[in-house]
Amino acid sequence: MAANELSLAGKVAIVTGSGRTNGIGAAIALALAKRGAAVTVNYVSESSSSKAAEVEKTIKNAGGKVTVIRADIGVPAQAKDLVTKTLSAFNTDKIDILVNNGAAGPYTNMMDAEASEVMDSTFRTNVVGTLNLVQAVVPHMPKGGRIINISSVITKLAIAMPVYGATKAALDFMTVAWAGELGKTHGITVNSIAPGPTTTDMAPPDDHPLAIHLKSLTLAADRFGAPEEIANAVVLVASPLSSWVTGQFISASGGVTNGL
Ligand SMILES: NC(=O)c1ccc[n+]([C@@H]2O[C@H](COP(=O)([O-])OP(=O)(O)OC[C@H]3O[C@@H](n4cnc5c(N)ncnc54)[C@H](OP(=O)(O)O)[C@@H]3O)[C@@H](O)[C@H]2O)c1
């Protein structure tokens, strides 16, 4: 395959939750920018402000176009603001690629005393936040647009992090619903990319029983995935070559879900 078939030159992308240097979002932003897309790096926490500046620098050093915007995706007005500021930063009227990566990943169990509070805040970010972004972006997304929701293999495993898993299962359903709502009418594809355990702040420590169990389910190698390996899967789905792939749950996990 010619290398330029994966080119994203001229495309504009937003990657939510991409301000942590070691996160999956930052790896996705860099991978899209390296292929020519102008990319918005988004973060929400004050503590990620300097890290987001580092991500920006890395992308610029790689020759990419980038802007950094702070916004809480769970607040509809801030999601809209993220879109408006992206358009003005890149002096454009379109957004071609939306990667819904920003998420909270609590380990809370369903029967924990604070579960309803955590359920509420996690759904606000992972589910309603994604809805906010999709509603804000679609009016600016041309035919051939790509919406990629970062899910998790946890939706197929039901072994841990149930509150978090419930939000990702909801997201998987929304992926299919949006693929239908935005396919024939808008020419937009919508897919879930589901990482397995990946070496970021969200991953359990190496000696945690969950880490040991998840590694035992991984087929490709005895390790966690790297953020760059998830980013590569996103590039494939974001590229024009993936025009006939929509409404899918795509596991990028070293085979975790295939081993069941
Ligand atoms: N790591 C894994 O093992 C794994 C496995 C399966 C799926 N995933 C999924 O992969 C994606 C990236 O995870 P990660 O491992 O890179 O996690 P991470 O390092 O914890 O990053 C999560 C990101 O989401 C952002 N975020 C949280 N709430 C937000 C909000 N309200 N508005 C905007 N951004 C918000 C955070 O921003 P701040 O930095 O500003 O706080 C952070 O950058 C997530 O969707 C996660 O569920 C991860």
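**Exercise 1. Salt bridges**

How many salt bridges does the structure hold, and where do K60, R124 and D81 find their partners?

*Solution.* This predicted model holds eight salt bridges. Take three of them in turn.

- Step 1. K60 pairs with E56, with the closest N and O atoms 3.5 Å apart. Both residues sit in helix α2, four residues apart, about one turn of the helix.
- Step 2. D81 meets K85 at 3.0 Å, N to O. Both lie in helix α3, again four residues apart.
- Step 3. Explain the spacing. An α-helix has 3.6 residues a turn, so residues three or four places apart point the same way.
- Step 4. R124 pairs with D72, with closest N and O atoms 3.6 Å apart. This pair links distant parts of the chain: R124 is in helix α4, D72 is in the loop between β3 and α3, and 52 residues separate them.

**Exercise 2. Buried or partly exposed?**

Classify D72 and R124 as buried or partly exposed.

*Solution.*

- Step 1. Recall the cut-off: buried means under 20% relative accessible area.
- Step 2. D72 has 18%, so D72 is buried.
- Step 3. R124 has 34%, so R124 is partly exposed.

**Exercise 3. Helix α4**

What span should the 23 residues of helix α4 have, and how far apart are its end C-alpha atoms?

*Solution.*

- Step 1. Helix α4 covers residues 115–137.
- Step 2. The rise is 1.5 Å a residue, and the expected span is 1.5 Å times one less than the number of residues, so α4 should span 33 Å.
- Step 3. The end C-alpha atoms are 31 Å apart, which agrees.
- Step 4. Look for a bend. α4 bends by about 35 degrees at R124.

**Exercise 4. The sheet**

What is the strand order of the sheet, and which strands are at its edges?

*Solution.*

- Step 1. The open sheet has seven strands, ordered β3-β2-β1-β4-β5-β6-β7, with parallel pairing.
- Step 2. β3 (65–70) and β7 (249–252) are the edge strands, since each pairs on one side only.
- Step 3. From one strand to the next, the twist averages 20 degrees.
- Step 4. β6 and β7 pair over four bridges. A194 has S251 in β7 as its bridge partner.
- Step 5. Add a helix. α4 packs on the sheet, touching β1, β4 and β5, and its direction makes about 170 degrees with that of β4.

**Exercise 5. S151**

Where is S151 found, and is S151 buried or exposed?

*Solution.*

- Step 1. S151 is in the loop between β5 and α5.
- Step 2. Its relative accessible area is 2%, so S151 is buried.
- Step 3. Its contacts beyond four places in sequence include K168, D172, A194 and F249.

Notes:
Residues are numbered from 1 along each chain as its sequence is written. This is a predicted model: local features need pLDDT of at least 70, side-chain atom pairs count only at pLDDT 80 or more; totals for chains, interfaces and linings use all residues. Side-chain values use heavy atoms; hydrogens and water are left out. Helices (H or I, at least four residues) and strands (E, at least two) are DSSP runs, numbered from the N terminus. Buried means under 20% relative accessible area, exposed over 50%, partly exposed in between (1.4 Å probe, protein chains only). Contact means heavy atoms within 4.5 Å. The bend at a residue is the angle between axes fitted to the seven residues ending there and the seven starting there. Two strands pair if DSSP finds at least two bridges between them. Axes are lines fitted to C-alpha atoms, for helices over the stretch in contact, and angles run from 0 to 180 degrees between N-to-C directions. A salt bridge is a side-chain nitrogen of Lys or Arg within 4 Å of a carboxyl oxygen of Asp or Glu.
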